[in-house]
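Subject: Structure handover and notes

Dear colleague,

I am passing on the structure below, and my notes on what was found in it follow directly after. Please read them with the coordinates open beside you.

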Amino acid sequence: QMCIRDRRRVHGYRIKINTNADDITSFKLLLADIRSAKEDSLDMELKITDIQEKYDIITYFGARLDAETKAKVEGLKKDWENLMDDAQQKEDSMVERKKQFAQETSKEVENFDKEIKECYEIFLKSGPKAVTNTLDEGLQAMHDNKAKLEEFNAKKNQLVLEEKLFGLPISTFQELKLMEEGIKEYENLYDLYDDYKKGLAEYTSTPWLKFEVSQLHKSCDEWIVRCPMYLSLIHISEPTRPLYISYAVFCLKKKKKKK
């Protein structure tokens with residue numbers, strides 16, 4: 001069973017490596033398959049050795065295997081070695097095209113890095129941490145920038161993979177990291193405000209006959225626990241304070257009066 005499984009594995013790599021790369025997408029997939037096969041080499045060699053040792057022990061104690069099984073076991077190592085040779089020859093034959101696509105990838109990385117830098121400048125001026133934002137503007141900016149960050153990270157991962165495939169230096173995209181840190185810094189605060197807005201909308205739409213005062217008190221107590229953690233952030237944006245008295249500050253004042 002082990003021999004059958006690993007022969008299928010060799011056969012699977014063989015099909016992938018024999019694929020023709022007619023465009024950049026198929027070219028990148030072929031490079032990735034060759035890279036995967038090479039990275040799998042040590043594990044495969046250990047498994048082949050294990051199968052051979054088990055086969056030697058079985059035959060040593062007089063067990064008889066049919067000719068087909070014997071041929072498969074004895075030929076597995078040679079099949080893998082041939083596959084590695086073919087993979088190397090295939091990669092060598094792709095050198096010139098690899099250089100061409102590497103240049104295209106470098107240009108794509110350069111343009112992407114420029115786009116990130118421009119986006120980061122906008123993030124500093126009007127992102128969720130900008131002091132000119134109201135809480136509602138900041139909340140919308142938080143949603144927009146989180147979506148943009150997700151899009152950027154997907155693109156970054158794709159380009160980094162291509163850089164690895166083409167042997168290029170791995171880009172760090174420093175502004176993308178700074179943007180991510182800026183979002184994380186204010187994420188809890190805006191999550192708090194978003195929850196407040198949703199809670200307020202729920203309470204204001206509840207008929208008086210169904211309104212439960214005990215539930216309101218319970219919610220206030222929960223907010224009193226959550227709010228002190230983010231109080232320093234709430235007071236950072238001075239222009240926001242005259243426009244909005246946040247529920248967080250209300251809860252803290254309520255707590256102080258009780259004391």
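Starting with the charged side chains, Lys117 forms a salt bridge with Asp113, with the closest N and O atoms 2.6 Å apart; please bear in mind throughout that this is a predicted model. Because Lys117 and Asp113 are 4 residues apart in helix 5, about one helical turn separates them. Lys117 is partly exposed, with a relative accessible area of 37%, and Asp113, at 22% relative accessibility, also counts as partly exposed. Elsewhere, salt bridges that share partners join Arg5, Asp6, Arg9, Asp40, Asp43 and Lys47 into one network.

Within that network, Arg9 pairs with Asp43, the closest N and O atoms being 2.9 Å apart; since Arg9 lies in helix 1 and Asp43 in helix 3, the pair ties together parts that are 34 residues apart in sequence. Arg9 counts as partly exposed at 22% relative accessibility, as does Asp43 with a relative accessible area of 32%. Helix 3 also holds Asp50 and Lys54, which are 4 residues apart, so that about one helical turn lies between them, and their side chains meet in a salt bridge of 2.8 Å, N to O. A search of the whole structure finds 20 salt bridges.

Asp33, in helix 2 (residues 24-39), deserves a separate mention: this residue is buried yet has no salt bridge, and the nearest side chain of opposite charge, that of Lys16, is 4.4 Å away. A salt bridge is counted only within 4 Å, which is why a pair at 4.4 Å is not included. Not counting residues up to four places away in sequence, Asp33 touches Tyr13 and Lys16.

As to the overall fold, the chain has 10 helices and 0 strands, and buried residues make up 35% of its 259 residues. Of the contacts with a separation of 6 or more, 78% are between residues 24 or more positions apart.

The largest nonpolar core has 26 residues, and those with the most contacts inside it are Phe27, Trp80, Leu83 and Phe166. Helices 1, 2, 3, 4 and 5 each supply at least two residues of this core, and helix 4 gives the most, with 6 residues. Apart from this core lies another, of 21 residues, among them Leu139, Leu176, Met179 and Leu189. Leaving aside neighbours up to four places away in sequence, Phe27 touches Ala21, Met94, Arg97, Lys98, Phe101 and Phe166.

Cys3, in helix 1, counts as buried at 10% relative accessibility, and, beyond its neighbours within four places in sequence, this residue is in contact with Ile51, Lys72, Val73 and Leu76.

Two helices can be checked against their expected length. Helix 6 has 31 residues and reaches 44 Å from its first C-alpha to its last, close to the 45 Å expected at 1.5 Å a residue. For helix 7 (residues 174-204), the 31 residues should span 45 Å, and the end C-alpha atoms are 44 Å apart, which agrees; there is nevertheless a kink of about 45° in helix 7, centred on Glu187.

Finally, two backbone angles may be worth your attention. Gly167, which follows helix 6, has a positive phi near 70°, while Phe173, in the loop between helix 6 and helix 7, has a positive phi of about 50° although it is not a glycine. Phe173 counts as buried, at 3% relative accessibility.

With best regards

Terms used:
Residues numbered from 1 in each chain as written. Predicted model: local features only at pLDDT ≥ 70, side-chain atom pairs only at ≥ 80, totals over all residues. Heavy atoms only, no water. Buried < 20%, exposed > 50% of the residue type's maximum accessible area, 1.4 Å probe, protein only. Lys, Arg positive; Asp, Glu negative; His and termini not counted. Contact = heavy atoms within 4.5 Å. Expected span 1.5 Å × (residues − 1). Bend = angle between axes of the 7 residues up to and from the residue. Core = buried A, V, L, I, M, F, W, Y, C linked by side-chain atoms within 4.5 Å.
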